[in-house]
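This briefing goes through selected features of one protein model, topic by topic. Keep the sequence and the 3D view open while reading.

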Amino acid sequence: MEHQEKTLPTAQLLEEYRALLDTVETLPLGITGSSMGPFLVPGRDSVLLEKPKRPLRCGDIVLYRRESGAYILHRVCRCCADGSYCMIGDAQRIVEPGIRPEQVLAVVRSARRKGRYQGPGRFWWEFFARVWIRVIPQRERLLGLYTELKAIGRIFS
């Protein structure tokens, strides 16, 4: 049997995922946007999605649907008293408030980052879930420093 690849628009694919998550335990999803960098990079990394099995916590990465219909993969940065969540991408400095539990389709169980498994308990997973989430105002400066250090590393390697 010949292998055929089919490309779907992201919104259509994620509508299919919404239905599939009711019938399977986990689903893989390739990263396409840059909002979760530097933890997750488009074209390089992927995540394994599952239906939420517990209330979300600060640091969880979730797939949700905005009121506009856009599907977003971001991190929970705050659980609000009214039951809603505040979300932010790891590459962003602006928090998105008011995401209701019914807008959340899936939570990320694990990630494939630079070809290696990352999940709860792993260094980079915990760094971005516990430390990076607390330095939102300093992110731009820290990302600039990271970029400079990477460039220096290339020079000396």
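The points below cover salt bridges, cysteines, one aspartate and its surroundings, backbone geometry and a surface patch.

The model is predicted. It holds 14 salt bridges, and a search of the whole structure finds 0 disulfides. Several residues come up under more than one topic, so they are named again each time.

**Salt bridges between separate parts of the chain**

- Lys-51 and Asp-22 form a salt bridge, with their closest N and O atoms 3.0 Å apart.
- Lys-51 sits in the loop between β2 (46–50) and β3 (61–65), while Asp-22 sits in the loop between α1 (10–20) and β1 (27–30), so this pair ties together parts that are 29 residues apart in sequence.
- Lys-51 is partly exposed, at 35% relative accessible area, whereas Asp-22 is exposed, at 57%.
- Arg-75 and Asp-90 form another salt bridge, and here the closest N and O atoms are 2.8 Å apart.
- This pair also links distant parts of the chain: Arg-75 belongs to strand β4 (residues 71–79), Asp-90 belongs to the loop between β5 (85–88) and β6 (96–99), and the two are 15 residues apart.
- Arg-75 is buried, with a relative accessibility of 0%, and Asp-90 is buried, with a relative accessible area of 0%.

**A salt bridge within one helix, and a network**

- The side chains of Glu-126 and Arg-130 form a salt bridge, at 2.6 Å from N to O.
- Both Glu-126 and Arg-130 lie in helix α2 (residues 123–131), where they are 4 residues apart, about one turn of the helix.
- Glu-126 is partly exposed, with a relative accessible area of 21%.
- Elsewhere, Glu-25, Glu-50, Lys-53 and Arg-109 are joined into one network by salt bridges that share partners.

**Cysteines without a disulfide**

- A disulfide is a covalent bond between the sulfur atoms of two cysteines.
- Why is Cys-58 not bonded to Cys-79? The sulfur of Cys-79 is the closest cysteine sulfur to that of Cys-58, but at 6.5 Å it is too far for a bond.
- The cut-off for a disulfide is a pair of cysteine sulfur atoms within 2.5 Å.
- Seen from the other side, Cys-79 is in no disulfide, and its nearest cysteine sulfur is that of Cys-58, 6.5 Å away.
- Cys-58 is partly exposed, at 33% relative accessibility, and Cys-79 is partly exposed, with a relative accessible area of 39%.

**Asp-45 and its surroundings**

- Asp-45 is in the loop between β1 and β2.
- Is Asp-45 buried or exposed? Asp-45 counts as buried, at 3% relative accessibility.
- The Asp-45 side chain makes a polar contact with the side chain of Arg-44, at 2.7 Å.
- A polar atom of the Asp-45 side chain also lies 2.9 Å from the backbone nitrogen of Lys-114.
- Apart from neighbours within four places in sequence, Asp-45 is in contact with Gly-30, Ile-31, Phe-39, Leu-40, Arg-112, Arg-113 and Lys-114.

**Backbone geometry**

- Lys-114, named above as a contact of Asp-45, has a phi near 55 degrees, which is a positive value in a residue other than glycine.
- Lys-114 is in the loop between β7 (104–113) and β8 (116–118).
- Which peptide bond is cis? The bond from Gly-37 to Pro-38 is cis, and its omega is near 5 degrees.
- Pro-38 lies in the loop between β1 and β2, where Asp-45 is also found.

**A nonpolar patch on the surface**

- Leu-142, Leu-145, Leu-149 and Ile-152 form a nonpolar surface patch, and together they have about 340 Å² of accessible area.
- Leu-149 is in helix α3 (residues 139–156), and at 52% relative accessibility Leu-149 counts as exposed.
- Leu-142 also lies in helix α3, and it is partly exposed, with a relative accessible area of 35%.
- Not counting residues up to four places away in sequence, Leu-142 touches Trp-132 and Val-135.
- Leu-142 and Trp-132 are 10 residues apart along the chain, and their C-alpha atoms are separated by 9.9 Å.

Note on methods
Residues are numbered from 1 along each chain as its sequence is written. This is a predicted model: local features need pLDDT of at least 70, side-chain atom pairs count only at pLDDT 80 or more; totals for chains, interfaces and linings use all residues. Side-chain values use heavy atoms; hydrogens and water are left out. A salt bridge is a side-chain nitrogen of Lys or Arg within 4 Å of a carboxyl oxygen of Asp or Glu. Buried means under 20% relative accessible area, exposed over 50%, partly exposed in between (1.4 Å probe, protein chains only). A polar contact is a pair of N or O atoms within 3.5 Å; within protein, one must be able to donate a hydrogen and the other to accept it, and residues adjacent in sequence count only if both atoms are side-chain atoms. Contact means heavy atoms within 4.5 Å. Patches are made of residues with over 30% relative accessible area and no salt bridge: like charges are joined within 9 Å, nonpolar side chains (Val, Leu, Ile, Met, Phe, Trp, Tyr) within 5 Å. Accessible areas come from the Shrake-Rupley method with a 1.4 Å probe; for residues, only the protein chains shown count as cover.
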